[in-house]
Amino acid sequence: MRIGLYDPYLDTLSGGEKYMLTIAACLSEDNETSIFWDDTSILERAYNKLRIDLSKVKIEQNIFSPKISLFKRLLLTKKYDYLIILSDGSIPLTLAKKTILHFQFPVEWIKKSDYKTKIKLSKIHTVICNSIFTKKFIDKKFNINSTILYPPTITEKDINKFEKEKIDKKNIILTVGRYSLLPNGTSIKKQEKLIQIFKEMIDNGLKNWKFYLAISYLPENEKHIANLEKIAKNYPVKIIKNIGYDELKNIYSQAKIYWHAAGLGENLKKYPHLAEHFGITTVEAMAHKLVPVVIDQGGQKEIVENNINGFLWETEDELKEKTKKLMIDEKLREQMASLARQKAKQFTTEKFCAELRKIIL
């Protein structure tokens, strides 16, 4: 079959892109699979950062570019058996035999389904969401019953390899995420807030611990990253910028605790897309036996079982308190770390590919 994929955010190479590119890799094993993008270097960059084998995937002209007329786009989409599209809130019109629409996040800014939207949705074969959290909002918004396909996080081969490795963990708290600026001046992943919280812990007597932030970002955010470095100055805080897969894996293997704070301080009833929609990096951390101490919002609650394989928190004081508990009680941390790795096995790439084929083929 001939399959085409489109992700409007592909150049960010973040969690949603890992999801879409893994779909491409899975389906390219026995199908003619293409990605619509105008920069052919994207596959090499994707491999370096995400370590996804896209050797059988082709890059084709981005037919979803605004430079392409609707008529030409429709004509070109007719050639495909399947089109799989990550939605930015819009519903595409295509003439492919089957169109799969994927939502990574709530789209509450979109108006309730009107007649035009309903017609477009009637042409969609399947709507896929990445979590129960996302599904709840998408189903209500479009009056549909979408299918959940949890993201791919790590391969079974890698987890088996990690289990055989003996690495001495260091006193490191880690957070991993893309830097994106919000209109209110804060970042979506709240990196600046986490730095401030860690600084407060140091000021209150915490010793012999470091905080690492692995951050990916586009060139336009360079000045904001420099500001984070300024905030962190003179504290045991290390900002690691735009690293590749192997380097990130090495940092995961060293750290003990994982922090995540997307949605902190935001009005999530009005803007639910500002919460973490699933939490791929949380699962990656758990696979490396980091204990997650993450905000009790969004899709994180579908991963972390509070007081079992990690901690959920609502306030900054609670984050500090639960982190200190792990720092003091090494036996508890080891126990939770082992259970965290077991949980991570529920979200492997192999399971993702198998479920994907059941859903769309």
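This report describes the fold, the central sheet, the buried elements and the salt bridges of a predicted model.

**Overall dimensions**

The chain has 361 residues, and 57% of them count as buried. Its secondary structure comes to 13 helices and 13 strands. The C-alpha trace spans about 65 × 45 × 35 Å along its principal axes. A compact globule with 361 residues would have a radius of gyration near 21 Å, and the chain agrees with this because its value is 21 Å. The chain exposes about 17000 Å², and carbon and sulfur atoms supply 50% of that area. Contacts often bridge long stretches of sequence: among those between residues at least 6 apart, 69% join residues at least 24 apart.

**The seven-stranded sheet**

Seven strands make up an open sheet with parallel pairing, in the order 3-2-1-4-5-6-7. Strand 3 (57-60) and strand 7 (147-148) stand at the edges; each has a single partner strand, so one side of each lacks a neighbour in the sheet.

Strand 4 (residues 82-86) has strand 1 and strand 5 beside it in this order. Strand 1 (residues 2-6) pairs with strand 4 in the parallel sense over four bridges, and L5 has I84 as its bridge partner in strand 4. Strand 4 and strand 5 also run parallel and are joined by five bridges. Here the partner of I84 in strand 5 is I100.

Five of the five residues of strand 4 are buried, so this strand is largely enclosed by the rest of the structure. In a regular strand the side chains alternate between the two faces of the sheet. In strand 4, Y82, I84 and L86 point one way, L83 and I85 point the other way, and all are buried.

Strand 5 (residues 98-103) and strand 6 (residues 124-129) form a parallel pair over five bridges. Within this pair, H102 stands opposite I128 in strand 6. Helix 5 (residues 132-142) lies across strand 5, strand 6 and strand 7, and runs at about 140° to strand 6.

The loop between strand 6 and helix 5 holds S131. With 0% relative accessibility, S131 counts as buried. Leaving aside neighbours within four places in sequence, S131 is in contact with I148, Y150, H277, F278 and E302.

**Helix 9**

Another enclosed element is helix 9 (residues 245-254): seven of its 10 residues are buried, so the rest of the structure largely encloses it. These buried residues are Y245, L248, K249, I251, Y252, S253 and Q254. Their cover includes three helices and three strands, listed by name as helix 2 (42-50), helix 6 (156-164), helix 10 (280-287), strand 8 (172-178), strand 9 (210-216) and strand 10 (237-241).

**Salt bridges**

A search of the whole structure finds 22 salt bridges. The table gives some of them, with the distance between the closest N and O atoms.

| Pair | N to O distance |
|---|---|
| K193 and E316 | 3.4 Å |
| E305 and K343 | 4.0 Å |
| K322 and E318 | 3.0 Å |

The salt bridge of K193 with E316 ties together parts that are 123 residues apart in sequence, because K193 lies in helix 7 (residues 191-203) and E316 in helix 11 (residues 316-328). K193 counts as partly exposed, at 30% relative accessibility. E316 is also partly exposed, with a value of 24%.

E305 and K343 form a salt bridge that links distant parts of the chain, 38 residues apart: E305 is in the loop between strand 12 (291-295) and strand 13 (311-313), and K343 is in helix 12 (residues 330-344). E305 counts as partly exposed at 35% relative accessibility, whereas K343 is buried, with a relative accessible area of 13%.

K322 and E318 both lie in helix 11, four residues apart, which is about one turn of the helix. K322 is buried at 12% relative accessibility, while E318 is partly exposed, with a relative accessible area of 21%. Elsewhere, salt bridges that share partners join K256, K289, E330, R333 and E334 into one network.

Key:
Residues are numbered from 1 along each chain as its sequence is written. This is a predicted model: local features need pLDDT of at least 70, side-chain atom pairs count only at pLDDT 80 or more; totals for chains, interfaces and linings use all residues. Side-chain values use heavy atoms; hydrogens and water are left out. Two strands pair if DSSP finds at least two bridges between them. Helices (H or I, at least four residues) and strands (E, at least two) are DSSP runs, numbered from the N terminus. Contact means heavy atoms within 4.5 Å. Axes are lines fitted to C-alpha atoms, for helices over the stretch in contact, and angles run from 0 to 180 degrees between N-to-C directions. A salt bridge is a side-chain nitrogen of Lys or Arg within 4 Å of a carboxyl oxygen of Asp or Glu. Buried means under 20% relative accessible area, exposed over 50%, partly exposed in between (1.4 Å probe, protein chains only). The radius of gyration is taken over C-alpha atoms; the globule rule is 2.2 Å times the number of residues to the power 0.38. Accessible areas come from the Shrake-Rupley method with a 1.4 Å probe; for residues, only the protein chains shown count as cover.
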